[in-house]
Amino acid sequence: MTDPTRAADEAARAAANAFQSQELTADETTLKLLFTVARTHYGWQDRDVSEDTLRSLYEIAKMGPTSMNQQPMRVVFIRSNDAKDRLEPALFEANRPKMRSAPVTAIVAYDLNFWEELPKLFPPNPGAQDIFKNNATAAQVNAFRNGTLQGAYFMLAARAVGLDIGAMSGFDNAKVDDEFFHGTSVKSNFLVNLGYADTSKIFRRLPRMDYDEVCETI
């Protein structure tokens, strides 16, 4: 380990220790913004989402943890009418007006060849890409798992920068992949409408399962 690398690791540990010592927890307003009061939305105001806002969203989302820092998520922001025309045929009928009315629809995807970036993203293990290079199954499992994790971070980051969200899985992945990722190693996962919600379109919050129904300690 070189001296600059050792110094960087020591600085990171010191910073993490100082941060941990603050014993921070999210305040009630933050919890409302991200989880407890925020809603999934189906209608949208005629209000633009700036490129700076989308960039800020990504800069937050990219900090969420992934296995071996793989970062397989790839995102295409659908904003123009031409792009919406290309996406619309792949959507189930009920989801088309939701997408058309949203200022932006994000195609949240994942790159099966994420491992090509591992020498840059995971330098502690110079041979990390060899785990996946000739193992398509391992690459697919890791790309999908970590890309989905990043998709969840993406939605929370959107709320954090003041956007409303409406995730959608009602579409034909193969059609989206053929239209937007043909000839690449990128595959679509799910869609997220982004913008400022028309709150008249929501309905009552649906039930959540209780702790004792889902969790156990052994």
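What share of the contacts in the chain with a separation of 6 or more comes from residues 24 or more positions apart? The answer is 83%, and the views below look at some of the places where this predicted model brings its parts together.

**View 1. The whole chain, with ten helices and four strands.**
Let's start with the big picture. If you walk along the sequence, you meet the elements in the pattern α-α-α-β-α-α-β-α-α-α-β-α-β-α. The C-alpha atoms fill a box of roughly 55 × 45 × 40 Å along the principal axes. Of the 218 residues, 35% are buried. The accessible surface adds up to about 13400 Å², and carbon and sulfur atoms account for 53% of that. As for charge, you'll find 24 positive and 29 negative side chains, with the centres of the two sets 3 Å apart.

**View 2. The four strands form an open sheet in the order E1-E2-E4-E3.**
Notice that the order in the sheet puts E4 between E2 and E3. The pairing is antiparallel. At the edges sit strand E1 (73–78) and strand E3 (164–168), each with pairing on one side only. Neighbouring strands are turned against each other by 30 degrees on average, direction ignored. A handy reminder: strands of a sheet pair through backbone hydrogen bonds, either parallel or antiparallel.

**View 3. Strand E2 (residues 104–111) pairs with E1 through six bridges.**
E1 and E2 run antiparallel. Want to spot some bridges yourself? Find Val76, whose bridge partner in E2 is Ile107. Then look for Ile78, which is partnered by Thr105 in E2. E2 is also joined to E4, this time by eight bridges, and that pair is antiparallel as well. Here Tyr110 stands opposite Lys187 in E4.

**View 4. All eight residues of E2 are buried.**
Why can we call E2 largely enclosed by the rest of the structure? Because eight of its eight residues are buried. In a regular strand the side chains alternate between the two faces of the sheet. You can follow that along E2: Val104, Ala106, Val108 and Tyr110 point one way, while Thr105, Ile107, Ala109 and Asp111 point the other way. Both sets are buried.

**View 5. A close look at Ala109 in strand E2.**
Is Ala109 buried or exposed? Ala109 is buried, because its relative accessible area is 0%, and the cut-off for buried is under 20%. Leaving out residues up to four places away in sequence, Ala109 touches Pro72, Met73, Arg74, Phe181, Val186, Lys187, Ser188 and Asn189. Now jump to Ile131: Ala109 and Ile131 are 22 residues apart in sequence and 22 Å apart in space, C-alpha to C-alpha.

**View 6. Helices H8 and H9 against the sheet.**
Which strands does helix H8 (residues 136–160) lie across? They are E1, E2, E3 and strand E4 (186–195), and H8 runs at about 10 degrees to E4. Helix H9 (residues 173–180) packs on the sheet too, where it touches E1, E2 and E4. The direction of H9 makes about 95 degrees with that of E4.

Definitions and conventions:
Residues are numbered from 1 along each chain as its sequence is written. This is a predicted model: local features need pLDDT of at least 70, side-chain atom pairs count only at pLDDT 80 or more; totals for chains, interfaces and linings use all residues. Side-chain values use heavy atoms; hydrogens and water are left out. Helices (H or I, at least four residues) and strands (E, at least two) are DSSP runs, numbered from the N terminus. Buried means under 20% relative accessible area, exposed over 50%, partly exposed in between (1.4 Å probe, protein chains only). Contact means heavy atoms within 4.5 Å. Accessible areas come from the Shrake-Rupley method with a 1.4 Å probe; for residues, only the protein chains shown count as cover. Lys and Arg count as positive and Asp and Glu as negative; His and the chain ends are not counted. The place of a charge is taken as NZ of Lys, CZ of Arg, CG of Asp or CD of Glu. Two strands pair if DSSP finds at least two bridges between them. Axes are lines fitted to C-alpha atoms, for helices over the stretch in contact, and angles run from 0 to 180 degrees between N-to-C directions.
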